[in-house]
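Reader: I would like to go through this model with you, one question at a time. Could you show it first?

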Amino acid sequence: MSIEVEHISKSFGHFKALDDVSLRINDGELVALLGPSGSGKTTLLRIIAGLEAPDQHPHASIRFHSEDVSSRGVGERRVGFVFQHYALFRHMTVFENVAFGLRVRPRRDRPAKEEIRDRVERLLSLVQLQQFSKRYPSQLSGGQRQRVALARALAVEPKVLLLDEPFGALDAKVRQGLRAWLRRLHEEIHITSVLVTHDQEEALEVADRVVVMNNAKIEQEGAPHEVFHQAKTEFVMKFLGQVNVFHGRVRQGKAEIGGLAVDYPSYKDEAARPATVYMRPHEFDIRRKSNGKPSFPARVVRTNSAGAFARVTLQRESGETVIVDLSLEEFNQLALAEGELVHLYPKNARVFIPEVAV
Amino acid sequence: MELALTTTGFEASNWAHARPRLKAATEEKPWVRLACITVTVLFLALLLFVPLASVFAEAFREGVRVYFASFSDRYAIAAIRLTLLAAAISVPLNTAFGLTAAWAITKFQFRGKSLLITLIDLPFAVSPIVSGLIYVLVFGMQGWVGAWLSEHNIQVIFAVPGIVLATVFVTFPFVARELIPLMQEQGTEEEEAATSLGASGWQTFMKVTLPNVKWALLYGVILANARAMGEFGAVAVVSGHLRGKTNTMPLHVETLYNEYNFVAASAVASLLALLGLVTLAIKSAVEWKVRRDYEAAAVSESS
């Protein structure tokens, strides 16, 4: 089922959590809402669920499969909501938790006892918790609780699955495992899902499409590789992955940062304007000798090769720190010494001209 | 360690013998501990246990037969009945009120919330005599609605309704006060989860909210009941001490005492004291159970 959200705003007192946000989520898609805390992502999710009402606006609408649901309560929207802190019913067993949504149905819609049992057992095996059905939430680990919460949300056969920071409270190892598991589960049941996270790695790994949010607005949306490699705004550039920031200026189709010029054909003016240039750590070559191509010198401060790649921290003459990631092969070939002066050759750069109020 | 000591000239073996017993930084000298405990026990014995025991001693002074005869007295029976009635009305009423108030305060956002919390505490803050007086001023013959009530032949003051009202007033904070902090801590996520799974408001309340607070609720009810049965001040003002009509157990004890009927007074007092002891026992049991549940949860939480 597709979800269309149009012109949604939400204020809490003087704080604007969402500012005229519109978003379309396709049927069967897994979309991640990614942003720092306070960016409005959780509010958007809660509004889709119906746990929060958007501000009144003549064109505001929330549609599930082209059907307006904005006046429906959360119970009538057929959404499965997974809470950040699981929100499991602490006085019920795992089985009772998962059965809850079926047992509270009005008698005429309520499945028979045996059917409820079968369905709950099927769900528990889907989340690999069959043997824990008699346990209480307090007797489970964080990861297990999260899976119970997921099974409970799926029990009511929702048309949409909404997950609020589902792995936020878990440690790194468990997160990694659950992430992969969630992706597999989605491939299996193909339910339209929206996942809120502040962890870019999680969003980029799990989602079909990533919606980057900041300051109550959507900054950019697109496939993970798109938002990562073709950031449309400075915020997205900075928020996704590590990046080196240089302050310079643009003039006559070039961006200049301390002796280095980068092509920037969209600005042909004579008059210089301040600009910010971003370069990812893996988009550099390091050479000992200049080969005539555009480059700038920097001194090696620190190297660290404990990982899948080697990280070299350097310092420019102006005092700016530059981080460069090299493959271990390259790193070993270069055999850099700390304190050594080298040349950095940017392979790629993104230039942003700060908006100037006219 | 030993090596370091010998090289610096210490005799390691002697030093090891002289080593004092290891103790925690907060540990006191034994005589301090003993003194503290003795003072506390003596104080409790003198001021609490001896008087309590003497009530029972006095009650049984003229034998078991006289003791039980004190309860077969028609006025004593009326007093016990009235006390039970006042408790039977005020406790359920305040349970319902306490749940509603706690629900409203913890699950909704509204203006004047902190004022409401303060108001709930009012009966704890004012003297019970004042609470009684308020009702006399409102419902008495000279009061705001007293004249209208007497025209319609309704008597509140110096009658059972007044006693019940005063009891309700002094006991209404107990349940709410127990529930509010707990429900605040538990938050609204479980309720939101229940609603998102299609539960109605009533189902959410009965299946999620209530089971989560059941022990705190029971605790509040026990305390409210103890106060309802034991209340003297507020009830004394509105009662008028009409024997057999508006005397509750505490008031009956006073009446008997004023008539120098010490055995009967002590007998009824011993019954009240017994009620108090039973209440304390139940309260301790509930506390123990809650703590055990909490620890069990905490243990599995940390694993």
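Author: Here are some questions and answers on a sheet in one chain and helix packing in the other, in what is a predicted model.

Reader: Happy to start with the sheet of chain A: which strands stand at the edges?

Author: The open sheet has five strands, in the order 13-12-11-14-20, with antiparallel pairing. A strand with a single partner has one side left without a neighbour in the sheet, so the edges are held by strand 13 (260-263) and strand 20 (350-352) of chain A.

Reader: By how many degrees are neighbouring strands of this sheet turned against each other on average?

Author: The pairing in this open sheet of chain A is antiparallel. With direction ignored, the average turn between neighbouring strands is 35°.

Reader: Which residue in strand 13 of chain A does Ile257(A) stand opposite?

Author: Strand 12 of chain A covers residues 254-257, and four antiparallel bridges link strand 12 to strand 13 of chain A. Within strand 13 of chain A, the residue facing Ile257(A) is Leu260(A).

Reader: On to chain B. Is Glu190(B) buried or exposed?

Author: Glu190(B) belongs to helix 11 (residues 189-196) of chain B. Residues it touches include Leu88(A), Phe89(A) and Arg90(A) from chain A, along with Val208(B). Its relative accessibility is 6%, and the cut-off for this class is under 20%, so Glu190(B) counts as buried.

Reader: Nice. With which side chain does the side chain of Glu190(B) make a polar contact?

Author: Among the residues that Glu190(B) touches are Ala87(A) and Asn212(B). The polar contact spans 2.9 Å, and the partner is the side chain of Asn212(B).

Reader: How are helix 10 and helix 12 of chain B oriented to each other?

Author: Helix 10 (residues 173-186) and helix 12 (residues 201-230) of chain B have axes that come within 7 Å and cross at roughly 155°. The contact includes Leu179(B) and Leu182(B) of helix 10 of chain B, and Asn212(B) and Ala216(B) of helix 12 of chain B. Their crossing is right-handed. Angles over 145 degrees fall in one class, and the two helices are therefore roughly antiparallel.

Reader: And what is the handedness of the crossing of helix 6 and helix 10 of chain B?

Author: Helix 6 (residues 113-125) of chain B packs on helix 10 of chain B at about 135°, with the axes 9 Å apart. That angle makes helix 6 of chain B oblique to helix 10 of chain B. Ile117(B) and Phe124(B) are among the helix 6 residues that meet helix 10 of chain B, where Phe174(B) and Ile180(B) are among the partners. The crossing is left-handed.

Definitions and conventions
Residues numbered from 1 in each chain as written. Chains lettered and ligands numbered in written order. Predicted model: local features only at pLDDT ≥ 70, side-chain atom pairs only at ≥ 80, totals over all residues. Heavy atoms only, no water. Pairing = 2+ DSSP bridges. Axes fitted to C-alpha atoms, helices over the stretch in contact; angles between N-to-C directions. Buried < 20%, exposed > 50% of the residue type's maximum accessible area, 1.4 Å probe, protein only. Polar contact = N/O pair within 3.5 Å; in protein donor to acceptor, adjacent residues only side chain to side chain. Contact = heavy atoms within 4.5 Å. Parallel < 35°, antiparallel > 145°, perpendicular 65-115°, else oblique. Left-handed = near helix turned anticlockwise from the far one by under 90°. Lists of a residue's contacts leave out its neighbours within four places in sequence.
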